[in-house]
Every structure is written in structure tokens, then in C-alpha cells.
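Please open the model in your viewer, colour the chain by secondary structure, and keep the ligand displayed as well. The stops below say what to select next and what to look for at each of them.

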Amino acid sequence: MSVVKINVLTVPPEMREELEKRFANRAGMVESSDGFEWFELLRPVEGTDRYLVYTRWRSEEDYQRWLSSRAFQAGHAQASADRAGHGHGQGGGPAAAASEIWSFEVVQSAGPKTGGE
Ligand code: HEM
């Protein structure tokens, strides 16, 4: 059964552009991780002001393996570099002011019907 892991990011308004820029320059390594199924960066429009980093995995184990991998570290290198040094304003820090992880099991899914010519 696939699992969905969503990293929920609280981003100050003045950091939104920076956050999106970082994702635009992301490492792109998650795509090569075993069991990876999907990624989306979701920009809030209505109902919340938090960004969602949506990921879907073949299994919990595949997600856990990616979390402890070099690919995960590489995918978060920019964020870490900022944390360590030349950050924004006092004390630096990543683009997101806070984050939390939401976990789901995929109960049902559907896509558009294909080949209907
Ligand atoms: C401390 C918490 C986290 C923060 C603040 C954070 C923030 C970020 C940022 C700013 C990027 C853009 C790349 C960069 O700046 O290096 C990124 C990449 C990414 N993040 Fe996170 N992240 C965190 C943990 C997680 C977790 C637990 C997940 C699991 C759902 C996740 C999923 C991703 C994915 C899939 C990418 C793209 C990596 C790639 O292209 O290989 N992040 N994250």
C-alpha cells in the first residue's frame, strides 16, 4: 500500500519567493530513490497559508530509507547551508520558519481514463 508524506511548511510572506526558488533549484535526487512515486510542491491559495511538499511512496520502508539517505541530505543541502551560515537576517535560518510531517495511507486513487479514442 502506498503512503503519502506531506511536509507542511510555514513560510513568512517575504520568504515565499526564496522558498520557491530553492525548490526550482532542488537536487532532483528524490526521483531516483527506490520506491518513490510522486512529488509536488503546493503553493497555498485559499484556506491555509502553508506550503505542502507532497510525496508518495510505495511503502513506509521506502520513505524511511530515503530519509536516511545521502539523496535526502543532498536534497536539503541549500537549507542546511543557510542554517549554518549566511542566512537571512538575524541568526540566518531556512526559508521555512516551521515544518511538520503529515502521514497518510492511500486508501483509493484514480487518474483520468486513457485510450478512449
Ligand atoms: C526540517 C524540515 C524540512 C525543511 C525545513 C525542508 C525544506 C526544504 C527545502 C527548502 C527544499 C528545497 C531544496 C533546498 O533548499 O535544499 C526541500 C527539498 C525537498 N524536501 Fe524538504 N524540508 C524538510 C524536511 C523534509 C521531509 C521530512 C520531507 C518528506 C516529505 C521533505 C521533502 C522534500 C523533497 C521531496 C524535496 C526535493 C528533494 C529533491 O529534489 O531531491 N523535506 N525541503
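Two strands are said to pair here if DSSP finds at least two bridges between them. With that in mind, select strand E2, residues 36–42, together with E3: the two pair in the antiparallel sense over six bridges. Within this pairing, Trp 38 can be picked out, standing opposite Arg 56 in E3. Please keep in mind throughout that this is a predicted model.

**The whole chain**

Step back and show the chain in full, where you will find four helices and four strands, following one another from the N terminus in the order β-α-β-β-α-α-α-β. Of the 117 residues, 9% count as buried, and if one takes the contacts in the chain with a separation of 6 or more, residues 24 or more positions apart account for 68% of them.

**The sheet**

Now select the four strands, which form an open sheet in the order E2-E3-E1-E4 with antiparallel pairing. E2 and E4 are the edge strands, each pairing on one side only, and neighbouring strands of the sheet are turned by 15° against each other on average, direction ignored.

Move next to E1 and E3, which run antiparallel and are joined by seven bridges. Three positions are worth labelling in turn: Ile 6 has Tyr 54 as its bridge partner in E3, Asn 7 has Val 53, and Val 8 stands opposite Leu 52. When following side chains along such a run, it helps to recall that in a regular strand they alternate between the two faces of the sheet.

Then add E4, which is joined to E1 by eight bridges, again in the antiparallel sense. Keep Ile 6 selected, since its bridge partner in E4 is Trp 102.

With the strands still on display, add helix H2, residues 60–67, which lies across E1, E2 and E3 and runs at about 45° to E1.

**The nonpolar core**

Which residues make up the largest nonpolar core? Select Leu 9, Val 11, Tyr 51, Ala 95 and Ala 96, which are its five members. Centre the view on Tyr 51 and, leaving aside neighbours within four places in sequence, look for its contacts, which are with Leu 9, Val 11, Leu 19, Leu 41, Leu 42, Arg 43 and Pro 44.

From Ala 95, draw a distance to Met 15: the C-alpha atoms of these two residues are separated by 5.7 Å, although the residues are 80 apart along the chain. Met 15 itself sits in the loop between E1 and H1. Why does Met 15 count as partly exposed? It has 19 other C-beta atoms within 10 Å, whereas a residue is buried only if 20 or more lie within that distance, and exposed if 12 or fewer do.

**Around the ligand**

Finish at the ligand and select the 23 residues around it, of which Arg 22, Arg 26, Val 30, Gly 75 and Gln 78 come nearest. Colouring this shell by class gives 13 nonpolar, seven polar and three charged residues. Several elements take part, with at least two residues of the shell supplied by each of strand E1 (3–10), helix H1 (16–24), strand E3 (51–57), helix H4 (77–84) and strand E4 (98–105).

Definitions and conventions. Residues numbered from 1 in each chain as written. Predicted model: local features only at pLDDT ≥ 70, side-chain atom pairs only at ≥ 80, totals over all residues. Near = placed C-beta within 6 Å. Nonpolar A, V, L, I, M, F, W, Y, C, P; charged D, E, K, R; others polar. Contact = placed C-beta atoms within 7 Å. Core = buried A, V, L, I, M, F, W, Y, C linked by C-beta atoms within 7 Å. Axes fitted to C-alpha atoms, helices over the stretch in contact; angles between N-to-C directions.
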